Every structure is written in structure tokens, then in C-alpha cells.
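Here are a few exercises to work through with the structure open in your viewer. Try each task yourself before reading its solution.

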Amino acid sequence: MSTMNSSLHTEQGTLYHMDCSLFSSIRYFRDSFDTTVFVFPEKPCFPIPERVFLMPDGSDNDFRSFLFTLSGEILTYQGNDPSDARGPWYYVRGTTDEMPELRTNFRVYVSFRTMVWINEQSQEESITVKDIGTGGFLFVSRKEFTPGSVISAILPDAREPVFIKALIRKRRPVRKDGLFGYGCQFIEMSARAEAKVRQFVFQTELLQSKARAAKPQ
């Protein structure tokens, strides 16, 4: 890999299996628009999974994760200088369509609590929504949910709350013990609900952009 060298700037992160169990600590860098290179601290002695979640290093309250499909082939790079004690490098390429600039639906990072009802049952559960977009949202909860379940929820609005339904698509990794994360897709959206969600997302992004611009450089 000609672009890889000992002075290459990499980010720190953690890879998780699809069941959200820990796979490996990792260094990584973007190799192209949709491709990331994952650099292992030593040659993996275990099978490389087909798909993994990447969580970039951050605080316990940072719930960003990105789903990658891995090439499965472990490659080696020694570098041009044999005296480089940090080599050889072991790496795997992964592709994704979940980076913010690649997503088909726009989303914003938020944090608000709401109640949900599972599969039209009367019992309600408390969740915290951590990001929301025009196609769905991510929530965390101390209760375990089953992917494939349908949940109903009230999204808060200053003037008129919005009733929505969503399908729980995947469990997503979180850093806090006893907390579970889930990615959801909106379903059976009325035109009114879709318009209200879209308005909420873009108004939130506008407010966040203004707040970022107001911060001292």
C-alpha cells in the first residue's frame, strides 16, 4: 500500500462484532471516500468478521458508530526503512455508506428522553434519543429491545408533539455498561409526521450550526 508510511496520521477507535461484543481496539484512517483502513496493533490470530461497527474514540456520551464491511484479507506493510521498530503494519480495508457525507438521509445529534410502546402493547418504556434524521433515529435504553420489533413514540415538539412508528433495525454498540443502543427506521409515516420530523431535523441543524459558529476560534 503505497500511501501507508510510519508518519501516517491515524485515529483511535474500537471495533465491535454485530452482536456488539468487543472485537478489537484499532487505529484507522480514511483511504478514499467510502473506504477506511483499519490498522491492528499486531497480526490478528482470529478470523476477521465480515461486518463490524466502528466507534471512534470519544466520551461515554458519544454514541456515534459506523457499520463497515471488511475485505477479510489481512495485508502487511513493512515500510521503506528496515530500522523502523514500529513495523510491520497489519491492516484490513473496510467500506461503508454510513459516514455523514455518504448517508442518504440527513441526521443530527441530539439528546432527549421520550416514552415508547413496543409492538402496540400498553406498557411504556423510557428511552433517550441520541441522533435523529429524516429516515430514522438512534436511541439508548437500560432495557433490552429485540431487533425487528415495532415501537411507537411521541417526539417532543414545542407546539405540537409528533406520533411516529419505527422498526428497530439493529442493535448498536455503546460504551456504558448496562446501556443498550438501537438504530431504528421510520415506518408508516403520515405526510404530516414526515414533514414535522423533517422540520425538526433541519431546525436543529440550523441551531447547532449557529452555536458552532458563535464559539471562539
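The exercises below move from strands to cores and then to single residues.

This is a predicted model, in which local features need pLDDT of at least 70, side-chain atom pairs count only at pLDDT 80 or more, and totals for chains, interfaces and linings use all residues. Residues are numbered from 1 along each chain as its sequence is written, and side-chain values use heavy atoms, with hydrogens and water left out.

**Exercise 1. The barrel**

Find the closed barrel, give its strand order, and say how H1 sits on the sheet.

Solution. Start with the elements: helices (H or I, at least four residues) and strands (E, at least two) are DSSP runs, numbered from the N terminus. Next, look at pairing, which requires that DSSP finds at least two bridges between two strands. Following the antiparallel pairs gives a closed barrel of six strands in the order S8-S9-S10-S13-S12-S11. From one strand to the next, the twist averages 45 degrees. Now zoom in on one pair: S8 and S9 are antiparallel and share nine bridges, with Tyr109 partnered by Asp131 in S9. Finally, H1 packs on the sheet and touches S8, S9, S11, S12 and S13, where contact means heavy atoms within 4.5 Å. The direction of H1 makes about 140 degrees with that of S8; axes are lines fitted to C-alpha atoms, for helices over the stretch in contact, and angles run from 0 to 180 degrees between N-to-C directions.

**Exercise 2. The nonpolar cores**

Which residues have the most contacts inside the largest nonpolar core, and which element supplies its largest share?

Solution. First, the terms. A nonpolar core is a set of buried Ala, Val, Leu, Ile, Met, Phe, Trp, Tyr and Cys residues joined through side-chain atoms within 4.5 Å. Buried means under 20% relative accessible area, exposed over 50%, and partly exposed in between (1.4 Å probe, protein chains only). The largest core has 25 residues, and Ile132, Phe137, Phe139, Phe145, Ile151 and Ile164 have the most contacts inside it. At least two residues come from each of S8 (107-118), S9 (124-133), S10 (136-141), S11 (150-155), S12 (162-172), S13 (180-187) and H1 (191-214). S8 gives the largest share, five residues. Apart from this core lies another, of 14 residues, including Phe23, Phe40, Val92 and Met99.

**Exercise 3. Strand S3**

Is S3 largely enclosed or open, and which strands pair with it?

Solution. Count the buried residues: six of the six in S3 (residues 35-40) are buried, so the strand is largely enclosed by the rest of the structure. Then sort the side chains by direction. In a regular strand they alternate between the two faces of the sheet. Here Thr35, Val37 and Val39 point one way, while Thr36, Phe38 and Phe40 point the other. For the partners, S2 (residues 22-30) pairs antiparallel with S3 over four bridges, and a hairpin of four residues joins the two. S7 (residues 89-95) also pairs antiparallel with S3, over six bridges. Val37 stands opposite Phe29 of S2 and opposite Arg93 in S7.

**Exercise 4. A residue in S13**

Is Gln185 buried or partly exposed, and what does it touch?

Solution. Gln185 is in strand S13. Its relative accessibility is 34%, so Gln185 counts as partly exposed. Leaving aside neighbours within four places in sequence, Gln185 is in contact with Gly135, Gly136, Lys165, Ala166, Leu167 and Arg169. Check one distance too: the C-alpha atoms of Gln185 and Gly135 are separated by 5.9 Å, although the two are 50 residues apart along the chain.
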